[in-house]
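Biologist: I would like to go through this structure and ask what stands behind each label. Please set the value beside the cut-off each time.

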Amino acid sequence: MATETPPPSKAERKLPTTEEFEQVQESAEFAELRHAHRSFAFPLTVAFIAWYLLYVLLSNYADDFMDTKVVGNINVALVLGLGQFLTTFLIAWWSARYSATKLDPKAEAIKSRMEGGA
């Protein structure tokens with residue numbers, strides 16, 4: 001957009017030193033950010049992988065169950081397969097929303113302080 005302020009030039013930008021990066025990495029604020037990310041991402045990843053493996057195992061070993069008709073020619077296998085796509089999109093949406101509301105403000109605060117804005 002033409003009305004946006006251009007990014008600062010390299011001469012204006014304060015680059016953090018290695019020691020400053022290490023200090024931030026050891027700070028309680030960064031630990032809180034890391035904990036917030038991990039406590040969201042890891043359980044969700046484990047749950048999705050379990051859900052995916054359940055679908056694969058059912059597809060391989062539960063033929064009669066997966067072949068059960070739900071409506072017309074639509075069977076359980078199709079419903080669960082489409083559920084895989086649905087959960088993928090829901091997880092992506094939920095993750096983006098969580099990041100925007102919980103993680104990004106904390107990360108932006110750390111970033112601005114490291115760049116000399118605060």
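Biologist: Why is Trp-94 called partly exposed?

Modeller: This is a predicted model, and every value here is computed from it. Trp-94 has a relative accessibility of 43%. Buried means under 20% and exposed means over 50%, so Trp-94, at 43%, counts as partly exposed.

Biologist: What makes Phe-40 buried?

Modeller: Its relative accessibility is 12%. The cut-off for buried is under 20%, so Phe-40 counts as buried.

Biologist: How many aromatic pairs are there in the whole structure?

Modeller: A search finds 2. One of them joins Phe-40 and Trp-94, with 5.1 Å from centre to centre and 85 degrees between the planes.

Biologist: What makes the pair of Phe-40 and Trp-94 edge-to-face?

Modeller: Two cut-offs matter: ring centres within 6.5 Å make a pair, and planes over 60 degrees apart make it edge-to-face. Phe-40 and Trp-94 have values of 5.1 Å and 85 degrees, and the pair is edge-to-face. This pair links distant parts of the chain, since Phe-40 is in helix α2 and Trp-94 is in helix α4, 54 residues apart.

Biologist: Why is the pair of Phe-40 and Tyr-98 called stacked?

Modeller: The ring centres of Phe-40 and Tyr-98 are 4.1 Å apart and the planes are at 5 degrees. Stacked requires planes under 30 degrees apart, so the pair of Phe-40 and Tyr-98 is stacked. Here too distant parts of the chain are linked: Phe-40 in helix α2 and Tyr-98 in helix α4 are 58 residues apart. Phe-40, Trp-94 and Tyr-98 form one aromatic cluster.

Biologist: Is Tyr-98 buried or exposed?

Modeller: Tyr-98 has a relative accessible area of 17%. With the limit for buried at under 20%, Tyr-98 is buried.

Biologist: Which residues make up the largest nonpolar core?

Modeller: That core has 9 residues: Val-24, Leu-33, Ala-36, Phe-40, Leu-44, Tyr-98, Leu-103, Ile-110 and Met-114. The elements giving two or more residues to this core are α2 and α4. Ile-110, a member of the core, is in contact with Val-24, Glu-29, Phe-30 and Leu-33, leaving aside its neighbours within four places in sequence. A second, separate core has 5 residues, among them Ala-62, Met-66, Val-76 and Leu-80.

Biologist: How do you know that the span of α4 is close to the expected one?

Modeller: α4 has 39 residues and reaches 53 Å from its first C-alpha to its last, against an expected 57 Å at 1.5 Å a residue. There is nevertheless a kink in α4 of about 45 degrees at Leu-103, shortly before the proline Pro-105. Just after α4, Gly-116 takes a positive phi of about 90 degrees.

Biologist: What covers the buried residues of α4?

Modeller: The cover includes α1, α2, α3, β1 and β2. The buried residues of α4 include Val-76, Leu-80, Gly-81, Gly-83 and Gln-84.

Biologist: What is the span of α2, and what do its buried residues pack against?

Modeller: α2 has 34 residues and reaches 48 Å, close to the expected 50 Å. Its buried residues are Leu-33, Ala-36, Phe-40, Ala-41, Leu-44 and Leu-58, and they pack against α3 and α4.

Biologist: Why is Ser-59 called partly exposed?

Modeller: Ser-59 is in helix α2, and its relative accessibility is 32%. Partly exposed lies between the limits of 20% and 50%, so Ser-59 counts as partly exposed. A polar atom of the Ser-59 side chain lies 2.9 Å from the backbone oxygen of Tyr-55. Polar contacts have a limit of 3.5 Å, and the 2.9 Å between Ser-59 and Tyr-55 is the value to set against it.

Biologist: What makes Asn-75 buried?

Modeller: Asn-75 is in strand β2 and has a relative accessibility of 16%. Buried means under 20%, so Asn-75 counts as buried. A polar atom of the Asn-75 side chain lies 3.0 Å from the backbone nitrogen of Leu-78. Leaving aside neighbours within four places in sequence, Asn-75 is in contact with Met-66, Asp-67, Thr-68, Lys-69 and Val-70.

How values were computed:
Residues numbered from 1 in each chain as written. Predicted model: local features only at pLDDT ≥ 70, side-chain atom pairs only at ≥ 80, totals over all residues. Heavy atoms only, no water. Helix = DSSP H or I, 4+ residues; strand = E, 2+ residues; numbered from the N terminus. Buried < 20%, exposed > 50% of the residue type's maximum accessible area, 1.4 Å probe, protein only. Polar contact = N/O pair within 3.5 Å; in protein donor to acceptor, adjacent residues only side chain to side chain. Contact = heavy atoms within 4.5 Å. Phe/Tyr/Trp six-rings, centres within 6.5 Å; stacked < 30°, edge-to-face > 60°. Core = buried A, V, L, I, M, F, W, Y, C linked by side-chain atoms within 4.5 Å. Expected span 1.5 Å × (residues − 1). Bend = angle between axes of the 7 residues up to and from the residue.
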